[in-house]
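Reader: I'm new to protein structures and would like to learn how to read one. Could you walk me through it?

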Amino acid sequence: MFTETVKNELYERGVSRLSPIFNDDAFSRDDSSDDRTFYKKDRFVSHIDKVAAQTVESLIGSLVIEENPVILDLMASWDSHLPETLRPSRVTGIGLNENELKQNKSLTDYLVLDINKTPKLPFADNHFDVVINSLSVDYLTNPLDIFKEAGRVLKPGGLHLVIFSNRMFPDKAVKVWKESGEGERIILVEEFFKGSGIFEKPAVFISKGKDRPKDDKYYEICKTSDPVYALYAEKKGSAPERKKRPVPVACLSEEQKRELEKKKGEVKNTHTCPHCGDKLKKWLVPDNPFVCTWDNEFMYICFNDDCSYYQRGWDFMRREGNSGSYRLMYNPEKDTCNPIPVPNDNALKEGIMDKGADEVKTG
């Protein structure tokens, strides 16, 4: 797919030589038929649950700081997930189903266009303040071309925001996406940004582990809300005095905060993580008087690498100028939940005493 010249350019921009995007069939699909035929069918469905959708709206609202911005919604459908507090002067949608685009109340205008077939955006240079791709990056067969185009049509300092979850139409998602884990997909999108050569270093946003609404049709199958991942970056060339975008956090609603506090108060009896619901593991406190400040013989720690608390910790620690993350630790002597810093996924795991805290009785 890539010539040696293009590969060398991508290497110079920071794309790994071992990246799976260089596999010949990386962007192949199980269903290679015309996308216009597949998307001709109206699909007025929610592709993420209500809690995840609220997270997306909040994220967009916090990152779009321009007054009356001009926005491009790439691969748009019937809902652009723009918050009501946003006051754009124009929102242009590009999609494949005209009925869905017509029903999108956020759009001021739209184009029916297959950007996989024609990866060229019909807009002038430096035209938009914001380009958003929500829940569709997994279908791009020419992502590097589209990321370059997004950069071309953005004004200097303009925002390119890419949001995705773990749901998809598997027949239309590209092979490299389907064969990657959720964490690896973050790296893929980072490489799309890097490969364009147009953007500043992308930042990462992760929201995982929230409760799925009880009225959601998938609640009995999965009680955890759909995860929300986002990468975003500004186009190079903005003025130094330009207003800085805030660093978004995966905020909880007041109801979710109350529920979290309730779960924290029950850890003594449940021995489950209040953030992700996994069983805590009994962990032997190391016998090292120089680093240990606890009198306990053991603690309970959440070792779920997908726990939202642990995942958010990476971003928080980075913003504070530190490395690593933190896990949730329960102190049975003081009946408190606290963070315990970790430099990587494997840290502290050698101290696990058993398979689960439910098998252990506290004294």
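**Reading the model step by step**

Author: Leaving aside neighbours within four places in sequence, Leu63 is in contact with Leu159, Leu161, Tyr232, Arg245, Pro246 and Pro248. Keep in mind as we go that this is a predicted model.

Reader: Where is Leu63 found, and is Leu63 buried or exposed?

Author: Leu63 is found in helix H3. Its relative accessible area is 0%, and buried means under 20%, so Leu63 counts as buried.

Reader: Let me try another residue. Where does Asn68 lie, and what is its relative accessible area?

Author: Asn68 lies in the loop between H3 and S1. Asn68 has a relative accessible area of 47%. Because exposed means over 50% and buried means under 20%, Asn68 is called partly exposed.

Reader: Which residues does Asn68 touch, not counting those up to four places away in sequence?

Author: They are Arg87, Pro88 and Ser89. You can also look at separations in space: Asn68 and Ile198 are 130 residues apart in sequence, and their C-alpha atoms are 24 Å apart. For Leu63 and Ala173, which are 110 residues apart along the chain, the C-alpha separation is 27 Å.

Reader: Now the strands. How do S1 and S2 pair?

Author: Look at the direction and then at the bridges. S1 and S2 are parallel, with 4 bridges between them. One partnership to find is Ile71 with Val91 in S2. On from there, S2 is joined to strand S3 (residues 109–112) by 4 bridges, and this pair is parallel. Here Gly93 stands opposite Tyr110 in S3.

Reader: Which strand do 4 bridges join to S1, running parallel?

Author: That is S4. Leu74 has Asn133 in S4 as its bridge partner. Asn133 also stands opposite Val162 in S5, and 6 bridges join S4 to strand S5 (residues 154–164), again in a parallel pairing.

Reader: Why is S4 described as largely enclosed by the rest of the structure?

Author: Count the buried residues. In strand S4 (residues 128–134), 7 of the 7 residues are buried, so the strand is largely enclosed by the rest of the structure. S2 is mostly covered, with 5 of its 6 residues buried.

Reader: In what order do S8, S9, S10 and S11 form their open sheet?

Author: The order is S8-S9-S10-S11, and the pairing is antiparallel. To find the edges, look for strands that pair on one side only: they are strand S8 (281–284) and strand S11 (336–342). From one strand to the next, the twist averages 45°. Between strand S10 (residues 325–331) and S11, which run antiparallel, there are 7 bridges. One example is Leu328, whose bridge partner in S11 is Pro339.

Reader: How is empty space found?

Author: Rolling a probe the size of a water molecule over the atoms shows where empty space is left. In this model, the largest pocket has a volume of about 1,000 Å³. Of the 42 residues that line the largest pocket, Val45, Ser46, His47, Ser77 and Leu135 are the closest to its centre. Helix H3 (50–63), strand S1 (70–74) and strand S2 (90–95) are the elements that give two or more residues to the lining.

Reader: Which element gives the largest share of that lining, and how many residues of each class are there?

Author: The largest share comes from H3, with 4 residues. By class, the lining has 17 nonpolar, 12 polar and 13 charged residues.

Note on methods: Residues are numbered from 1 along each chain as its sequence is written. This is a predicted model: local features need pLDDT of at least 70, side-chain atom pairs count only at pLDDT 80 or more; totals for chains, interfaces and linings use all residues. Side-chain values use heavy atoms; hydrogens and water are left out. On a 1 Å grid over the protein atoms alone, a cavity is a set of points where a 1.4 Å probe fits but cannot get out, and a pocket is an open set with protein on both sides within 12 Å along at least five of seven lines; lining residues have an atom within 4 Å of a point. Grid points are joined across faces, edges and corners, and a volume is the space filled by probe spheres set on the points. Ala, Val, Leu, Ile, Met, Phe, Trp, Tyr, Cys and Pro count as nonpolar, Asp, Glu, Lys and Arg as charged, and the others, Gly among them, as polar. Two strands pair if DSSP finds at least two bridges between them. Axes are lines fitted to C-alpha atoms, for helices over the stretch in contact, and angles run from 0 to 180 degrees between N-to-C directions. Buried means under 20% relative accessible area, exposed over 50%, partly exposed in between (1.4 Å probe, protein chains only). Contact means heavy atoms within 4.5 Å.
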